[in-house]
Amino acid sequence: MKELALELVKEAINAADPYKAVKRVVKVQGNKLIVEGKEFLIKGGVYVIAFGKAACEMARAIEEIVEVKDGVAVTKYGYGKPLKKIRVIEAGHPIPDENSIKGAEEALRILEKTNEDDIVFVLISGGGSALFELPEDGITLEDLKRTNELLITSGATIHEINTVRKHISKIKGGKLAKRIRGTGIALIISDVVGDNLEAIASGPTVKDPTTFEDAKRILDLYGIWEKVPESVRTVIEKGMKGEIDETLKEDLPNIYNFLIASNSKSCEAIVKKAKEKGFDAHIVTTVLEGEAREAGIFIASIAKEIAERGRPFRPPVVLVFGGETTVTIRGESGKGGPNQEIALSASRKIRGLNITLVAFDTDGTDGPTDAAGGIVDGETYEKLRSEGIDVEEYLFTHNAYEALKRVGALLFTGPTGTNVNSIVIVIIGKL
């Protein structure tokens, strides 16, 4: 079952392959560019602004499809690949750095050279919020880093985190779209639960329903309003008074957004492959959210019911859960990520059962670690105990990486070049 689990992990990642996704939806016929059936006349130059973990692969596909005049691709350290005309900048993730700002400034310089006859491809993928950034006046890079750190460890959802990010940035929340003079074609790979376009990479090319008031409410809700830098509070307060422009509130006639890969598509690919292998298979949800260790118990509880009582499905069966869970850090913590916590937490509930569970982030990096996630089965819990590991303690101190490492239960894929959230695959063997 472990071999099958690893095969299904590969299938999920392949389904989100950014290069193949772009090639699938973009074609050229004569002087026409066709994107998912919609035609665009090529009258001027074609430019590319790409940002996210899949930036280079998406940009490479565009360069093979159409002649590119100029462009920039901003991606995570270690994810850069050489391109023809498009310059590559590697930047910080999940915390932005100097190159995140350099990449955004380079993109704006490119847009300054364009006119109404030009086409600008905006290639957006997971990680874009941190990798591509230009803060509002008065907010320094250190202020931005501190705010991101506070948000990421607060327990806030990605939607809430991006609401704040959009209101302290000059390019998020549709503000990048405002700067495009010609035709803007955004190809988007979703890394947020529910695939809301305004939340993906903080929605640089779409209208935004959130406000400065929402940003303050979120910082208040998670108790970090007084902790964020003064410059951030000042920008939000000015925005609430109308002294700083709000995010984009209406659709722009020259901007077109296309969702080309998502968590749902990867989950569907897993089910298809599992059925080909002779398993009954079901997607339980693609909108899984909540605290990671609690999600692990929830998922394992369903698996246990099936394994022991044969309901609601008769084993053997494969269950697929997609989404994005969170880890709320309180006090000092060890090393790990949400998928590792799901796996470690689930190991308690599936002990002694014919169940294999793998939880992984499709980008190959779970939290601030080099592991994609964890893979556990009915024997893992006893192995942990034999190593002297108190699972409850390791969960409490968010040290799942070390626990799983000790029993060979970490999952490593390396950088995948894509990101469509996290996936949990549960294989329940015969009774």
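In the protein chain, residues 24 or more positions apart account for 77% of the contacts with a separation of 6 or more, a contact being heavy atoms within 4.5 Å. The structure is a predicted model, in which local features need pLDDT of at least 70 and side-chain atom pairs count only at pLDDT 80 or more, while totals for chains, interfaces and linings use all residues. Residues are numbered from 1 along each chain as its sequence is written, and side-chain values use heavy atoms, with hydrogens and water left out.

The chain contains 15 helices and 15 strands; these are DSSP runs numbered from the N terminus, with helices (H or I) of at least four residues and strands (E) of at least two. Its radius of gyration is 22 Å, close to the 22 Å that the globule rule gives for 431 residues, so the chain is as compact as a globular protein of that length. The radius is taken over C-alpha atoms, and the rule is 2.2 Å times the number of residues to the power 0.38. Along the principal axes, the C-alpha atoms fill a box of roughly 65 × 55 × 35 Å. Of the 431 residues, 59% are buried (under 20% relative accessible area, with a 1.4 Å probe and protein chains only). The exposed area is about 17200 Å², of which carbon and sulfur atoms supply 47%; areas come from the Shrake-Rupley method with a 1.4 Å probe.

An unreviewed UniProt entry places the domain "MOFRL-associated" at residues 5-237. This span is 38% helix and 19% strand, and its end C-alpha atoms lie 49 Å apart. The domain "MOFRL", also from an unreviewed entry, is placed at residues 317-421. Here the chain is 30% helix and 20% strand, with the end C-alpha atoms 23 Å apart. UniProt annotations may be inferred rather than shown by experiment.

Six strands form an open sheet of mixed pairing in the order β10-β11-β15-β12-β13-β14. Strands β10 (280-288) and β14 (410-411) stand at the edges with a single partner each, so one side of each has no neighbour in the sheet. Pairing requires at least two DSSP bridges. Strand β13 (residues 373-377) is joined to β14 by two bridges and runs antiparallel to it; G373 has L411 of β14 as its bridge partner.

S125 lies in the loop between β7 (119-124) and α5 (128-131). The residue counts as buried, at 0% relative accessibility. Its side chain reaches the backbone nitrogen of A54 at 3.0 Å. Beyond neighbours within four places in sequence, S125 is in contact with F51, G52, K53, A54, A55, M58, I189 and A201.

Conventions: Buried < 20%, exposed > 50% of the residue type's maximum accessible area, 1.4 Å probe, protein only. Polar contact = N/O pair within 3.5 Å; in protein donor to acceptor, adjacent residues only side chain to side chain.
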